[in-house]
Amino acid sequence: MINRAVFILLHLLLITWVLYRLGWLTAPRPWEESTGWNRIPAEQRPTHALPDEFTLDWLGHSGFILRWAGQTILLDPNTSMRCTVARRVMELPADPSVVDHADTVLISHAHYDHLNLDTLQRIRDIGFTAVPEGTEVYFGETTDHAKPRPVRVGDSITLGPLEIFPVPAAHNGNRFHPWRSPKPAVGYIIRSPTFTLYYAGDTAFHNDFAGIREKFHPNLAILPIGAYAPRYPLKIHHLNPEEAVQAARLLGVQTVVPCHFGTFNLTFDHPSAALPRFAAAAQKAQLDWVMPVLIP
């Protein structure tokens, strides 16, 4: 009887711990707390600013609203309160409905934290949604208005005065995280006549960053820094904070905006762990970076 009681107690403790880790037992926290920003020493915080040519608002995780040259572009938007079994640990933007129109949505791959159909369903007006070829099969009747457009590395898209180019990503593109995937993942180059932005989506360090530099010469990179533990097998799919700094050097960019942290507890590293590590590594490498502040 005692052994059975101990067995049940241990299982209840395990379930409680898992629920806590996945964010179900605590309320979502302000971005300064959930990202670890409040633990970064003052001397490691960035003083750099984004160029005046565009605005970049953060939706949390890897989601952004990019307004540039009269165009509104959404990057992997996710304003959901959960991602599969994980609950959002960072507060939503004060008014998520601010995202009600997009000239285009750029989806890097089909994992639930990047291709969030609930978010797309809530966006009233979408010009089209660029998705890696094969990923369009995940869209259904509720997201037909998103107008999925399959793209491949080597394609080009003209959006007003902007050019958009899908580029390679060292990642897999199914809905879940298999070892291999017949569906690709991509990043995106977005270029005006005077400035070039690289959005990496999800990628590992063995991506061809030098090739992207040689072909496109990006000025700024949005790079993922979180969801890196355990290092194997996630080293095959994700950058860790120090690798993101190394990738920035290979890309030759002047500035980095970090993403893919602080929002969902998807792996064994805590959502608030990546940013302080990235800040320390960036200071050591003398790399300029900008903190993506959640939209008001």
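**A walk from a buried glutamate to the core**

With a relative accessible area of 6%, E243 is buried, and it makes a good place to start our tour of this predicted model. The cut-off for buried is under 20% relative accessible area, so E243 falls within that class.

What does E243 pair with? One partner is R231: the two form a salt bridge whose closest N and O atoms are 2.4 Å apart. R231 belongs to helix 5 (residues 231-234) and E243 to helix 6 (residues 241-251), so this pair ties together parts that are 12 residues apart in sequence. Unlike the buried E243, R231 is partly exposed, at 26% relative accessible area. E243 also forms a salt bridge with K235, and here the closest N and O atoms are 2.9 Å apart. K235 is partly exposed as well, with a relative accessibility of 43%. Taken together, R231, K235 and E243 make up a network of salt bridges.

Searching the whole structure turns up nine salt bridges. One of them joins E133 to R152, with 4.0 Å between the closest N and O atoms. Both residues sit in loops: E133 in the one between strand 9 (129-132) and strand 10 (148-151), R152 in the one between strand 10 and strand 11 (157-159), so the salt bridge links parts that are 19 residues apart in sequence. E133 is partly exposed at 40% relative accessibility, and R152 is partly exposed at 49%.

Now let's turn to the strands. Strand 13 (residues 186-191) and strand 14 run antiparallel and are joined by four bridges. A hairpin of four residues connects the two, and I189 stands opposite Y198 in strand 14. Strand 14 also pairs with strand 15 (residues 220-224), this time in the parallel sense, over three bridges. There, A221 is the bridge partner of Y198. To get from strand 14 to strand 15, the chain passes through helix 4 (residues 209-216), making a right-handed β-α-β crossover.

Which way do the side chains of strand 14 point? In a regular strand, side chains alternate between the two faces of the sheet. In strand 14 (residues 196-199), T196 and Y198 point one way and L197 and Y199 the other, and all are buried.

Y198 also leads us to the largest nonpolar core, which has 63 residues; Y198 is among those with the most contacts inside it, along with I190, I222 and W289. Helix 7 (residues 274-285) gives the most to this core, with six residues. A second, separate core has 16 residues, including L59, L74, A102 and I295.

Conventions. Residues numbered from 1 in each chain as written. Predicted model: local features only at pLDDT ≥ 70, side-chain atom pairs only at ≥ 80, totals over all residues. Heavy atoms only, no water. Core = buried A, V, L, I, M, F, W, Y, C linked by side-chain atoms within 4.5 Å. Buried < 20%, exposed > 50% of the residue type's maximum accessible area, 1.4 Å probe, protein only. Pairing = 2+ DSSP bridges. Right-handed = clockwise from strand over helix to strand, strands pointing away. Salt bridge = Lys/Arg side-chain N within 4 Å of Asp/Glu carboxyl O.
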